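Let's take a friendly walk through a protein, one topic at a time. Keep the picture in view as you read.

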Amino acid sequence: MSPSIDLPENALVAMTRDSLLALRGAMFRDMGPGAAALLQEAGYAGGQAWFDAFSRWLAMQGMRAPESLPTSEFGARASAFFRSAGWGSIQLGALDSVATVDSTDWAESDPAVPLDFPGCYYTSGVLSDFLGRLAGEPLAVMEVECRSMGGSRCRFLVGSGETMQRVYDEMGRGVAYEDAVRSAEGAGSTA
Ligand SMILES: [Zn+2]
């Protein structure tokens with residue numbers, strides 16, 4: 001069984017899921033689409049503390065630092081860690097050259113209040129900083145499937161800023177994200 005996470009020791013605070021969802025709802029209601037970037041910024045600002053908490057949590061179990069774990073083990077441990085913290089489980093994967101983070105129970109998503117767009121912006125910010133620290137280089141994260149849109153899972157794409165910008169631009173032209181990733185990869189290899 002995973003050890004519990006000491007919140008004050010790790011500069012974390014417990015917050016109810018209801019509050020988180022109410023905050024997001026109120027921000028979008030009063031600020032419109034601009035709320036997305038603010039939530040992302042807030043998540044990104046907390047990435048360092050999340051990464052440090054994860055590192056301590058691994059050390060408590062006699063495990064190596066996150067960056068020294070093999071990818072498969074990293075994914076399983078990170079999933080257990082975020083689940084213990086109340087956020088939900090994750091599964092790491094890949095779609096062509098882009099990494100994926102999937103979750104079927106993520107706390108920021110809310111199937112009860114359907115959105116027309118993926119809604120886990122705070123999480124996108126957290127993952128961007130958290131996974132960037134792991135990779136040792138800046139990474140961009142974009143959610144392309146969300147339980148808040150009625151999907152069965154949330155799916156985040158993770159890649160370099162350049163790649164993700166190409167994917168974003170293609171999607172803006174109405175291309176499905178799977179095809180956008182494929183063409184972004186093609187563009188990258190010919191550059
Ligand atoms: Zn989501």
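## What holds the middle together

First, a term we'll need: a nonpolar core is a set of buried Ala, Val, Leu, Ile, Met, Phe, Trp, Tyr and Cys residues joined through side-chain atoms within 4.5 Å. Keep in mind that what you're looking at is a predicted model. Its largest nonpolar core has 32 residues, and the members that touch the most other members are Trp-50, Phe-54, Phe-81, Phe-82, Trp-87, Phe-130 and Leu-131. Helix 3, helix 4 (71-84), helix 5 and strand 4 each put in at least two residues, and helix 3 gives the most, with six. This fits a broader habit: in soluble globular proteins, nonpolar side chains tend to be buried together.

Trp-87 is a good residue to click on. Leaving out residues up to four places away in sequence, Trp-87 touches Leu-20, Trp-50, Phe-82, Asp-105, Trp-106, Ala-107, Glu-108, Tyr-122 and Thr-123. Apart from the largest core there is another one, made of 11 residues, among them Val-144, Met-164, Val-167 and Val-181.

## The overall layout

Now zoom out. The protein has seven helices and four strands, and along the sequence they come in the order α-α-α-α-β-β-α-β-β-α-α. The radius of gyration is 17 Å, close to the 16 Å that the globule rule gives for 191 residues, so the protein is as compact as a globular protein of that length. If you follow the C-alpha trace along its principal axes, it spans about 45 × 40 × 25 Å.

How much of the protein is buried? Of its 191 residues, 42% count as buried. Contacts between distant parts of the chain show up as well: of the contacts with a separation of 6 or more, 56% are between residues 24 or more positions apart.

## Rings meeting rings

Next, the aromatic side chains. A search of the whole structure turns up 16 aromatic pairs. One of them joins Phe-28 and Phe-117: their ring centres are 5.5 Å apart and their planes are at 40°, so this pair is tilted. The two residues come from distant parts of the chain, 89 residues apart, with Phe-28 in helix 1 (residues 17-31) and Phe-117 in the loop between strand 2 (98-103) and helix 5 (121-135). Phe-28 is buried, at 18% relative accessible area, while Phe-117 counts as partly exposed at 30%.

Compare that with Phe-54 and Trp-57. Their ring centres are 6.1 Å apart with planes at 25°, so this pair is stacked. Both residues sit in helix 3 (residues 47-60), three residues apart, which is about one turn of the helix. Phe-54 is buried with a relative accessible area of 0%, and Trp-57 is buried too, at 2%. Both also belong to a cluster linked by ring pairs, together with Trp-50, Phe-51, Phe-74, Phe-81, Phe-82, Trp-87, Trp-106, Tyr-122 and Phe-130.

## The zinc site

Which residues hold the zinc ion? Its protein donors are Cys-120 (SG), Glu-143 (OE), Cys-146 (SG) and Cys-154 (SG), and they lie 1.9 to 2.3 Å from the ion. In sequence, these residues are spaced C-x22-E-x2-C-x7-C. Two of the donors link distant parts of the chain: Glu-143 is in strand 3 (residues 140-145) and Cys-154 is in strand 4 (residues 154-159), 11 residues apart. Glu-143 and Cys-154 are both buried.

What about the geometry? The four donor atoms subtend angles of 102 to 115° around the zinc ion, which makes the arrangement tetrahedral. For reference, the ideal angle for four tetrahedral donors is 109.5 degrees.

## Two more residues to find

Try Ser-128 first, in helix 5. Ser-128 counts as buried, at 12% relative accessibility. Setting aside residues up to four places away in sequence, Ser-128 touches Tyr-44, Leu-139, Ala-140 and Val-141.

Then look for Met-27, in helix 1. Met-27 is buried, with a relative accessible area of 15%. Leaving aside neighbours within four places in sequence, Met-27 is in contact with Gly-32, Ala-35, Leu-38 and Leu-39. Asp-116 is 89 residues from Met-27 along the chain, and the C-alpha atoms of Met-27 and Asp-116 are separated by 16 Å.

Technical notes
Residues numbered from 1 in each chain as written. Predicted model: local features only at pLDDT ≥ 70, side-chain atom pairs only at ≥ 80, totals over all residues. Heavy atoms only, no water. Donors = N, O, S within 2.8 Å, 3.2 Å for Na, K, Ca; no water. Tetrahedral: all angles 85-135°; square planar, octahedral: opposite > 155°, others 65-115°. Buried < 20%, exposed > 50% of the residue type's maximum accessible area, 1.4 Å probe, protein only. Phe/Tyr/Trp six-rings, centres within 6.5 Å; stacked < 30°, edge-to-face > 60°. Contact = heavy atoms within 4.5 Å. Rg over C-alpha atoms; globule rule 2.2 N^0.38 Å.
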